[in-house]
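Here's a friendly walk through a structure that may be new to you. Keep the picture open as you read, and turn it around whenever a residue comes up.

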Amino acid sequence: MAEAHAKSHPYHLVDPSPWPLLGSIAAFVLAVGSISFMHGASIWWIVPGLLGVFYTMLVWWRDVIHEAEAGDHTPVVQLGLRYGMIMFIASEVMFFVAWFWAFFDASLFPNAVEQVSRAEFTGGHWPPQGVEVFDPWHFPLLNTLILLTSGTTVTWAHHALLHNDRKGLIWGLVSTIVLGLIFTCVQIYEYANAAFSFGGSIYGSTFFMATGFHGFHVIVGTIFLIVCLIRAGAGQFTPKQHFGFEAAAWYWHFVDVVWLFLFFSIYVWGNWGAPQHLIE
């Protein structure tokens, strides 16, 4: 009988879990609460769904970590996890395609005949007349250097992990997290001193959607790395099995690459020739 139930494949069949159902219910409650809030209801309508989503994420990922520690993540299973992370990052790329599409449509065709109100507002050129933009070689350049440096520190942490250097892994993660927090603080300060608003013009809406959505990803990536730091301190990563950290590093490099494209397209090219608003 034991041979009849012996595992004859390299895959891991997960135990029955309540989290997919709970996650779906929480997402539905969050959607209803968000729609209600947009129609004038209290912001507290969002809280139950938000807490449900966060709780589902926490316990579901906890179970995945337990599976890894139990040895269920065979090389074949790890390959599937890598494919899943690649597809997730690809779906995030599509989000940014939408925001960049809106930006380039407005900036490349500011005088489009079918967009009468846009042509009137922009005056037929980009950036729109009268808009004071950020100096790309001030805080935006500083944030670019910060993110590029954080890409090297997370690579340092990965290299240290592969060589079983626990001290290098910890310090590499701490450095990356600190740089991510500094990036967020600099961007918040930049936003607070902007000479234009989100709702003031098509320039403001496309700028804040692209840069703000990227800033949200930096925050998510920072949280991702903080969790990795906690797990690294607990000794949960080994040189041969550390997909959780690898996924975080992939995500962070993705954030870096998006920022480079954003910096040169929106801050440098998109601000060319407009009066600059200097931040002290």
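**A walk through the fold**

Let's start with one residue: at 11% relative accessibility, E246 counts as buried, where buried means under 20% relative accessible area, exposed means over 50%, and partly exposed is anything in between (1.4 Å probe, protein chains only). Before going further, a word on ground rules: this is a predicted model, in which local features need pLDDT of at least 70 and side-chain atom pairs count only at pLDDT 80 or more, while totals for chains, interfaces and linings use all residues. Residues are numbered from 1 along each chain as its sequence is written, and side-chain values use heavy atoms, with hydrogens and water left out.

So who does E246 pair up with? Its side chain meets that of R82 in a salt bridge, at 2.6 Å from N to O; a salt bridge here is a side-chain nitrogen of Lys or Arg within 4 Å of a carboxyl oxygen of Asp or Glu. R82 lies in helix 3 and E246 in helix 8, so this pair ties together parts that are 164 residues apart in sequence. R82 itself is partly exposed, with a relative accessible area of 22%.

By this rule the count comes to 2 salt bridges. Another pairing is that of R62 and D63, whose side chains meet at 3.0 Å, N to O. R62 counts as partly exposed at 37% relative accessibility, and D63 is also partly exposed, at 22%.

Now step back and take in the whole thing. The protein has 8 helices and 2 strands; helices (H or I, at least four residues) and strands (E, at least two) are DSSP runs, numbered from the N terminus. Reading along the sequence, you'll meet them in the pattern α-α-α-α-β-α-α-α-α-β. Along its principal axes, the C-alpha trace spans about 80 × 45 × 35 Å. Of the 280 residues, 39% count as buried. About 15800 Å² is exposed, and carbon and sulfur atoms supply 72% of that; these areas come from the Shrake-Rupley method with a 1.4 Å probe, and for residues only the protein chains shown count as cover.

How do distant parts of the chain meet? Among contacts between residues at least 6 apart in sequence, 75% join residues at least 24 apart, a contact being heavy atoms within 4.5 Å. As for charge, the mean positions of the 8 positive and 17 negative charges are 15 Å apart. Lys and Arg count as positive and Asp and Glu as negative, with His and the chain ends not counted; the place of a charge is NZ of Lys, CZ of Arg, CG of Asp or CD of Glu.

Helix 2 is a good one to trace by eye. This helix covers residues 47–69, 23 residues that reach 33 Å from first C-alpha to last, close to the 33 Å expected at 1.5 Å a residue. That expected span is 1.5 Å times one less than the number of residues. The buried residues in helix 2 are G49, G52, T56, V59, E67 and A68, and they pack against helix 1 (19–38). An α-helix has 3.6 residues a turn, so residues three or four places apart point the same way. Helix 2 is followed by G71, whose phi is positive, near 85 degrees.

Two acidic residues are worth a look next. E92, in helix 3 (residues 75–108), is buried yet has no salt bridge, and the nearest side chain of opposite charge, R231, is 19 Å away. Which residues does E92 touch, leaving aside neighbours within four places in sequence? They are H217, Y251 and F254. D256, in helix 8 (residues 243–269), is likewise buried without a salt bridge, and its nearest side chain of opposite charge is R82, 19 Å away. With neighbours within four places set aside, D256 is in contact with L147, S150 and G151.

Finally, visit two loops. P128 is in the loop between helix 4 (116–122) and strand 1 (133–134), and at 2% relative accessibility P128 counts as buried. N164 is in the loop between helix 5 (139–162) and helix 6 (166–192). Most residues other than glycine have a negative phi. N164, though not a glycine, has a positive phi of about 60 degrees, and this residue is partly exposed, with a relative accessible area of 47%.
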